[in-house]
Amino acid sequence: MTESKTLNTAVIGVGYLGRFHAQKYAALEGSNLVAVVDANAEQGEAVAKELGCEYVGDYHQLIGKVDAVSIAAPTTLHHQIAADLLDAGIHVLVEKPMTVTLEQADDLIARAKHNSCVLQVGHLLRFHAAILDLGEVLTTPTFIEAHRLAPYKPRATDVNVVLDLMIHDIDIILSLVDSDVVDIQASGTNVLSDTMDICNVRLTFANGCVANVTASRISMKTERKLRIFQEAGYVSVDFQEHSRAHFYIGDGEMFPGVPNIESQQSQYPQGDELNAEIASFLQCIRSGERPLVTGEAGRRALDVATKITELVGSK
């Protein structure tokens with residue numbers, strides 16, 4: 001496929017998040033938004049009218065008409081929809097969590113490979129400028145701390161806080177630590193919904209790195225921070241403030257026997273991670289490159305998130 005080819009695209013599920021997907025596809029150069037799909041005809045027709053595309057009630061009608069889709073339907077529907085479209089040779093960007101079970105994730109990975117399709121998972125914070133820029137300061141993490149706190153929003157309570165919020169940090173941490181998770185300790189509880197609303201997790205990796213991760217959707221404030229400790233240095237990422245701070249041992253001494261601490265502060269313009277994610281997905285289709293967040297990466301995050309959910313549920 002040539003890198004300049006215009007791709008016919010569609011979005012399945014155009015509720016709160018899916019509508020944003022559709023807007024990006026409609027605006028991106030090299031993308032022709034053909035249709036949107038939603039079980040709610042009124043919602044689907046409204047988005048279709050807004051963006052000047054077709055509304056269809058059944059995603060099977062997309063087969064033969066589109067090259068690529070985003071799936072932003074409820075998680076319980078991800079596997080069946082993605083499986084049908086991958087088998088039809090359609091490239092798929094599926095929102096996180098990619099599926100309900102690991103078996104379903106494995107099945108989608110296998111179908112994508114068999115049909116030579118791109119399968120990308122929607123962990124959009126991998127496209128945050130501060131995360132993309134970590135390579136220049138990151139060595140080998142030895143301890144990581146993540147906090148993702150948010151006020152309560154009833155629309156997101158169909159899954160627990162681990163699958164809703166924490167999975168973002170799980171995915172990022174797994175991408176930073178080149179080692180297997182060997183131990184998980186977790187505690188959490190539901191407060192305002194029927195599923196877990198707050199959770200704290202300690203992940204231990206085979207190489208000795210430890211990650212302490214907290215997620216809450218019942219906070220009075222919004223906080224999204226990641227702190228990475230490594231030999232002779234410390235990196236702090238503030239997703240909300242679009243900033244990164246790097247502290248490291250410099251030349252000389254601050255006091256006798258105490259090394260001098262240098263710092264580098266980086267401020268990033270407020271970016272559009274969803275736009276970057278979708279643009280990268282389309283570029284991978286054209287070029288044959290591997291996505292930044294592959295199906296395998298989505299599966300790893302789901303695996304850890306599932307184990308956390310089971311662990312807390314068993315207490």
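Strands S5 (residues 91-95) and S6 run parallel and are joined by 4 bridges. Leucine 93 shows the register: its bridge partner in S6 is glutamine 120. The model is predicted, so every feature described here is computed from predicted coordinates.

This pair belongs to an open sheet of 6 strands. The order across the sheet is S3-S2-S1-S4-S5-S6, and the pairing is parallel. Strand S3 (54-56) and S6 are the edge strands, each pairing on one side only. From one strand to the next, the twist averages 25°. In a regular strand, side chains alternate between the two faces of the sheet.

Now look at what covers this sheet. Helix H1 (residues 16-27) lies across four of the strands: S1 (7-12), S2 (31-37), S4 (68-71) and S5. H1 runs at about 170° to S1.

H1 also has a helical neighbour. Helix H7 (residues 273-287) packs with H1 at an angle of about 60°. Their axes are 10 Å apart. Why are the two helices called oblique? Angles from 35 up to 65 degrees lie outside the parallel and perpendicular classes, and H1 and H7 are therefore oblique to each other. Their crossing is right-handed. On the H1 side, the contact is made by Phe20, His21, Lys24 and Tyr25. These meet Leu274, Asn275, Glu277, Ile278, Phe281 and Leu282 in H7. An α-helix has 3.6 residues a turn, so residues three or four places apart point the same way.

Next comes helix H8 (residues 295-313). H8 has 19 residues and reaches 26 Å from its first C-alpha to its last. That is close to the 27 Å expected at 1.5 Å a residue. Which residues of H8 are buried? They are Gly295, Ala297, Gly298, Ala301, Leu302, Asp303, Val304, Ala305, Ile308 and Val312. The buried residues pack against two helices, H4 (102-114) and H6 (161-176). They also pack against three strands: S6 (119-122), S8 (181-189) and S9 (198-205). S6 thus appears again, here as a partner of H8 after its place at the edge of the sheet.

One more pair of strands deserves a look. Strand S13 (residues 243-255) and strand S14 (residues 258-267) pair in the antiparallel sense over 9 bridges. Alanine 245 has glutamine 265 in S14 as its bridge partner. The two strands form a hairpin with 2 residues between them. Glycine 257, in the turn, has a positive phi of about 85°.

Technical notes: Residues are numbered from 1 along each chain as its sequence is written. This is a predicted model: local features need pLDDT of at least 70, side-chain atom pairs count only at pLDDT 80 or more; totals for chains, interfaces and linings use all residues. Side-chain values use heavy atoms; hydrogens and water are left out. The expected span of a helix is 1.5 Å times one less than its number of residues. Buried means under 20% relative accessible area, exposed over 50%, partly exposed in between (1.4 Å probe, protein chains only). Contact means heavy atoms within 4.5 Å. Two strands pair if DSSP finds at least two bridges between them. Axes are lines fitted to C-alpha atoms, for helices over the stretch in contact, and angles run from 0 to 180 degrees between N-to-C directions. Angles under 35 degrees count as roughly parallel, over 145 as roughly antiparallel, 65 to 115 as roughly perpendicular and the rest as oblique. A crossing is left-handed if the near helix is turned anticlockwise from the far one by less than a right angle, and right-handed if clockwise.
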